[in-house]
Amino acid sequence: MAYHRYDAVIVGAGGAGLMAAIQMAGKANIAVVSKLYPTRSHTGAAQGGISAALGNVEEDHWQWHMFDTVKGGDYLVDQDAAEVLTREAIDAVLELEHMGLPFNRTPDGRLDQRRFGGHTRNFGEGPVKRACYAADRTGHMILQTLYQQGIKHNVNFLDEFHVLDLLVSDDGHACGVVALELKTGEIHTIHAKTVLWATGGFGRIFSVTSNAMAGTGDGFSIPFRRGVPLMDMEFYQFHPTGIYKFGILLSEAARGEGGILRNGLGEAFAERYAPTLKDLAPRDMVSRFIYQEIKEGRGVDGKDYVYLDLTHLPGDVIDRQLPDITDFARTYLGIEPKTDLMPIQPTAHYAMGGIPTDLNGQVLRDASATTIPGLYSAGENACVSVHGANRLGTNSLVDLVVFGRRAGRHMLDYIRSNDLPPLPVDPEFVARAEVSDVLSRPKTERVAALRHELQVLMMDKASVVRNVEGLTEAKQGVAQIRSRYAHAGIDDHGLTFNTDLTEALELGAMLDCSEALVEGALARQESRGAHYRTDFPDRDDENWLKHTMVRKTSGGLELTKKSVSITEFQPKERKY
Amino acid sequence: MDYTFRIKRYNPDVDVKPHFEEYAIGLEPTDRVLDGLNEIKWQLDGTLTYRRSCAHGVCGSDAMRINGRNYLACKTLMKEFGHKITIEPMIGFTVIKDLVVDMDPFFAGYKAVKPYLIAGDAPASAERRQTPEQLDRFEEATKCILCASCTTACPITWTNESFLGPAAIVNAARFIYDSRDEGAAERLRILNTQSGVWRCRTVFNCTEACPRDIKVTNIIEDVKRTLLLEQL
């Protein structure tokens with residue numbers, strides 16, 4: 001048994017994990033564990049920008065940003081958290097600049113800002129330039145910059161360690177994780193005073209997704225199996241503009257710079273649905289606009305896609321502001337965005353829900369505000385909740401910087417005032433049992449085939465538009481795939497870099513995420529943000545201005561409601 | 001369409017030395033090479049091992065040698081090749097298994113050039129100023145995704161373990177020419193050695209290999225010129 005002892009172990013080396021690590025580096029003994037090399041983390045795929053009400057280009061105030069965040073989230077956002085997010089965004093973006101992030105600049109050398117969906121001036125009057133950016137690779141630059149700071153501060157990285165289990169002491173303190181070292185196949189116990197879950201999302205449960213192949217929800221599933229609740233899992237964002245069939249993201253910045261969505265008839269259809277913000281309405285709405293156009297036969301050639309049109313933009317705007325996404329169009333579609341329309345469809349993009357936390361990233365045990373000592377979460381993995389029922393573009397990067405930082409600072413305080421909890425007896429028991437189960441299964445099913453079935457099922461029955469029939473089918477389908485998963489053996493039984501094994505383990509996590517999502521979606525009999533039910537098309541504040549919490553119990557999943565923090569903005573009808 | 005993948009396999013648990021295996025699969029010409037590898041792993045042989053994550057050319061996981069040249073498997077479509085393609089791990093690093101190589105020496109080279117901003121105190125509640133022209137001076141180098149395509153395409157790195165390699169030099173240049181940075185002298189000292197820029201023989205393999213279209217050789221030449229002129 002390989003044993004390590006740290007003050008803090010951070011699971012996930014994306015923006016949230018690295019930001020937390022930097023707070024503690026040099027002040028505590030920490031390890032950042034990732035199943036990838038840190039620079040491969042999915043933060044690096046974020047494109048368009050990170051918002052902060054700097055007001056560098058035009059008047060702006062964090063209160064406007066807060067309002068947009070609350071309204072964008074269809075009033076399910078916890079407003080105390082949205083206030084923290086938008087106030088601290090300003091300082092957080094400046095901190096990134098101070099760390100060396102190469103932001104685009106105004107002619108006088110300040111951070112430039114551009115428009116993004118749902119971000120408005122003066123509480124909804126019209127679009128505002130709020131998103132700071134580094135071309136269309138803002139996430140790449142955040143990830144690189146934070147990793148560079150990690151190197152500078154001698155952060156200890158355990159690269160390519162696949163985490164298998166969360167350790168909790170007998171008296172209920174988080175006390176570490178168990179992980180599989182890919183290179184050797186060795187199982188490690190990583191004993192620590194605190195654990196931060198920051199593993200990103202689970203977009204891979206859908207057949208069309210912008211998410212990396214690593215986005216399998218391990219960091220949702222592992223704590224969930226240990227009794228930690230998941231909150232608002234039914235709210236899953238579909239980004240309107242994924243490359244047709246590939247799902248590869250084409251940033252909202254394309255529309256921020258003036259790009260227009262067109263249906264098969266060539267019509268700019270967004271203005272029919274959202275007269276003020278048009279193509280820059282929030283993502284949940286624009287994805288539904290596209291769905292509606294396709295349903296009414298106005299997709300391109302009657303198919304299930306529409307166009308993103310950049311052909312009217314000046315060539316130098318495309319080259320300077322949108323170089324990466326236009327490169328994607330050239331590479332994967334073989335088309336020239338300066339002259340050709342780009343075929344797009346909504347793509348599974350972001351989990352608004354996740355591990356419930358307080359404002360310091362401490363994980364909540366249940367609907368009361370009690371926390372689980374030593375256990376933290378941040379970024380997409382967590383649900384604070386700053387995104388409510390629908391996240392605004394750029395706010396994911398704000399979230400991981402602001403709340404990654406807050407979690408790291410709080411963990412440092414926690415480390416200083418708490419002792420290392422004792423490990424439970426036989427700490428690797430669960431992890432070893434899971435691995436040997438996968439290795440000893442008969443091979444009557446194939447992991448890849450089951451995964452594909454799950455992805456198609458979730459896409460068909462639990463994506464942009466839902467109803468009770470489809471969700472019931474999804475629930476039964478997921479249960480059926482889970483029972484077959486028990487017979488999904490693998491080819492590779494070796495120790496060295498066994499990705500056949502880790503893919504099988506990842507499917508187990510994806511099943512947990514799917515189950516929790518469907519449970520929430522079935523329960524929530526209303527339409528709000530990204531959760532749209534044809535059988536309950538209206539928002540129902542009386543019954544459902546509530547978060548949902550799903551928990552695994554011995555008797556199956558248990559769903560409870562949690563109240564929403566409303567401080568400044570009373571719920572109103574959401575129009576753009 | 002039918003394609004044959006000829007893949008160099010090596011599993012240290014069972015193999016004494018590497019060998020090639022062939023797989024016949026059906027793919028569209030517009031599919032990625034990575035789609036082909038996935039097809040093989042998921043349908044034919046689960047033991048096939050390679051790194052991958054984003055699948056669209058931004059995370060840098062799946063650099064490998066395809067028909068004798070470095071590519072990202074996820075950023076290269078089948079139509080670029082004939083019906084038979086040969087895939088091997090990148091050259092110059094120890095193979096862990098199949099297409100997975102030990103990246104630790106690569107990241108060690110990266111870390112050696114102090115790849116982080118070195119600067120004094122920043123202004124309180126404000127950004128450090130930098131004009132668009134000043135950003136232009138180094139922006140190209142910021143596109144690097146640390147995939148090691150350039151470094152493992154360089155014949156010098158194949159034979160000389162101490163050479164920092166093109167990617168490390170690009171990432172040094174990213175800071176050397178950043179108007180906010182004050183560490184240029186330190187980094188130039190590191191690059192002004194036998195394991196630094198002077199090992200480069202200007203073969204241009206690195207530029208050809210870069211999936212991000214960074215003109216790597218030009219950047220290395222830029223650093224050499226700076227050293228020769230001792231000016232920034």
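**Contacts of A:His188 and the nonpolar cores**

Me: In this predicted model, which residues does A:His188 touch, not counting those up to four places away in sequence?
Reply: The neighbours of A:His188 include A:Phe161, A:Val177, A:Val178 and A:Glu428. Also touched are A:Ala2, A:His4, A:Ala179 and A:Glu181.

Me: With which side chains does the side chain of A:His188 make a polar contact?
Reply: One polar contact joins the side chain of A:His188 to that of A:Glu181, at 2.9 Å. Another, at 2.7 Å, joins the side chain of A:His188 to the side chain of A:His4.

Me: Is A:His188 buried or exposed?
Reply: A:His188 is found in strand E9 (residues 187–197) of chain A. Its relative accessibility is 5%. Buried means under 20%, so A:His188 counts as buried.

Me: How far apart in space are A:His188 and A:Val177, C-alpha to C-alpha?
Reply: A:Val177 is among the residues that A:His188 touches. The two are 11 residues apart in sequence, and their C-alpha to C-alpha distance is 8.4 Å.

Me: Which helix gives the largest share of the largest nonpolar core?
Reply: The largest nonpolar core has 128 residues, and A:Ile50, B:Phe5, B:Leu37 and B:Ile87 have the most contacts inside it. The largest share of this core is 11 residues, from chain A, residues 395–417: helix H11.

Me: How many residues does the second, separate core have?
Reply: Nonpolar side chains tend to be buried together in soluble globular proteins. The second core includes A:Leu158, A:Leu457, A:Ile490 and A:Ala521. Its number of residues is 76.

Terms used. Residues are numbered from 1 along each chain as its sequence is written. Chains are lettered from A and ligands numbered from 1 in the order in which they are written. This is a predicted model: local features need pLDDT of at least 70, side-chain atom pairs count only at pLDDT 80 or more; totals for chains, interfaces and linings use all residues. Side-chain values use heavy atoms; hydrogens and water are left out. A nonpolar core is a set of buried Ala, Val, Leu, Ile, Met, Phe, Trp, Tyr and Cys residues joined through side-chain atoms within 4.5 Å. Buried means under 20% relative accessible area, exposed over 50%, partly exposed in between (1.4 Å probe, protein chains only). Helices (H or I, at least four residues) and strands (E, at least two) are DSSP runs, numbered from the N terminus. Contact means heavy atoms within 4.5 Å. A polar contact is a pair of N or O atoms within 3.5 Å; within protein, one must be able to donate a hydrogen and the other to accept it, and residues adjacent in sequence count only if both atoms are side-chain atoms.
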